[in-house]
Amino acid sequence: MMRVSRRKFLACGCCAAAAAICPFPAEAGAAVPDTAEVLRLFAELGATGKAPKALDAWITDPVAQKIAPYQAFDNVWQVGIAWVSSWAVRTSEGWVLIDTIHEPFVDILLENLRTVGIRPDDVKLVLMTHGHFDHVGGYYRLKPLLKNARFVMTERGWNEAFRYAEESKGTFREWKMLEEKDVVAKDGDTLRCGDNVFTVLETPGHTWGTTSYMYDVRRNGSSYRAVTVGGQGLNAIEGPDQVRAYIKSMERLGEDSLNIEVDLTPHPFSSNLAEQIDVIRHLKPSDAHPLINRAAYLARLKKLNEGAAARLELELAEAVG
């Protein structure tokens, strides 16, 4: 089995496992590969450790990546790009942003915030899930602009971000990271912003420093427990211990005590969110919401762990061989 090194991975500019990938809505003229072609491109990446030109072209195409923001719940908007979400959660004391996306698309994020009516000074927290460039690459630009915001990540997450940015130097996917930590969170911390509470769940696996955030979303006067799972790809695995940690994290996220009903993924293709965007845009108050679906969420966690179990066998065989 050929493992993609972090350096190659960061250089190719891709942070997704070859999973259920769907085409995204884009402006007219954008070259958007269909599902089968994207799967083939990701399979080639996994086999060779080198991103096919077509995959990089799609991920870096400003036309293909620019999508209009949309309201997912009464208090939640998606303001990111086509392949990386950035969720904006409204509270009674300002907005909370989950992940920063990355350059050269931070201007799209800022434009989407303006479209929704979110002023930079109204953002109070930025919760970052892990240190890969597509999730924290915007920290360098946003920290000076969002003057009232505190930027949050775990100790491992911060340290990985610094390391990954350093490792990217000299590659075409070189990116910058401010060499300063803001808020260092840990598992179980609760971050209150107005009338919502964001719970920190350290969920190592995708990277050792991956963190998920749990919070409430609202629709028609009712609240539902949501999660943004920090990362679910197996593309940055260093060995069997990390796969075991991944399996435990996915099991934890499915525990009944958490009662998570809504899966607000950082990558729209990972949960079939991409193909539901148009439905969400046109929901009527009386319509059932496709993202309020605990059964589908649990089924996805189960499928992910089935894939992780197979990966663990390969890792163990490689360690022996």
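Helices (H or I, at least four residues) and strands (E, at least two) are here DSSP runs, numbered from the N terminus. The tour below uses those labels throughout, and the model it visits is a predicted one.

**The sheet as a whole**

Begin by selecting the seven strands β1 to β7. They form an open sheet of 7 strands in the order β1-β2-β3-β4-β5-β6-β7, and the pairing is mixed. The edge positions belong to β1 (70-73) and β7 (183-185); each has a single partner strand, so one side of each lacks a neighbour in the sheet. On average, neighbouring strands are turned by 25° against each other, direction ignored.

**From β3 to β4**

Next, select residues 87-91 and 94-98. The former are strand β3, which is joined to β4 by 5 bridges in the antiparallel sense. To locate the pairing, display W87, which stands opposite I98 in β4.

**Strand β5 and its two partners**

Now move to residues 123-127, strand β5. Of its 5 residues, 4 are buried, so the strand is largely enclosed by the rest of the structure. With β4 (residues 94-98), β5 runs parallel over 4 bridges; in this pairing W95 stands opposite V123. Adding helix α5 (residues 106-116) to the selection completes a right-handed β-α-β unit made of β4, α5 and β5.

Strand β6 (residues 150-154) also pairs with β5, through 3 bridges and again in the parallel sense. Here, R150 in β6 is the bridge partner of L125.

**The loop after β5**

Select H130, in the loop between β5 and α6 (133-136). Is H130 buried or exposed? Its relative accessibility is 0%, and because buried means under 20% relative accessible area, H130 counts as buried. Displaying T129 as well reveals a polar contact of 3.1 Å between the side chains of H130 and T129.

**Helix α11**

Finish with residues 294-320, helix α11. This helix has 27 residues and reaches 39 Å from its first C-alpha to its last, close to the 39 Å expected at 1.5 Å a residue. Which residues of α11 are buried? They are R294, Y297, R300, L301, L304, N305, A308, R311, L312 and E315. To see what covers these buried residues, add β11 (222-228), α9 (240-253) and β12 (262-263), which are included among the covering elements.

How values were computed. Residues are numbered from 1 along each chain as its sequence is written. This is a predicted model: local features need pLDDT of at least 70, side-chain atom pairs count only at pLDDT 80 or more; totals for chains, interfaces and linings use all residues. Side-chain values use heavy atoms; hydrogens and water are left out. Buried means under 20% relative accessible area, exposed over 50%, partly exposed in between (1.4 Å probe, protein chains only). Two strands pair if DSSP finds at least two bridges between them. A crossover is right-handed if, with the strands pointing away from the viewer, the path from the first strand over the helix to the second runs clockwise. The expected span of a helix is 1.5 Å times one less than its number of residues. Contact means heavy atoms within 4.5 Å. A polar contact is a pair of N or O atoms within 3.5 Å; within protein, one must be able to donate a hydrogen and the other to accept it, and residues adjacent in sequence count only if both atoms are side-chain atoms. Axes are lines fitted to C-alpha atoms, for helices over the stretch in contact, and angles run from 0 to 180 degrees between N-to-C directions.
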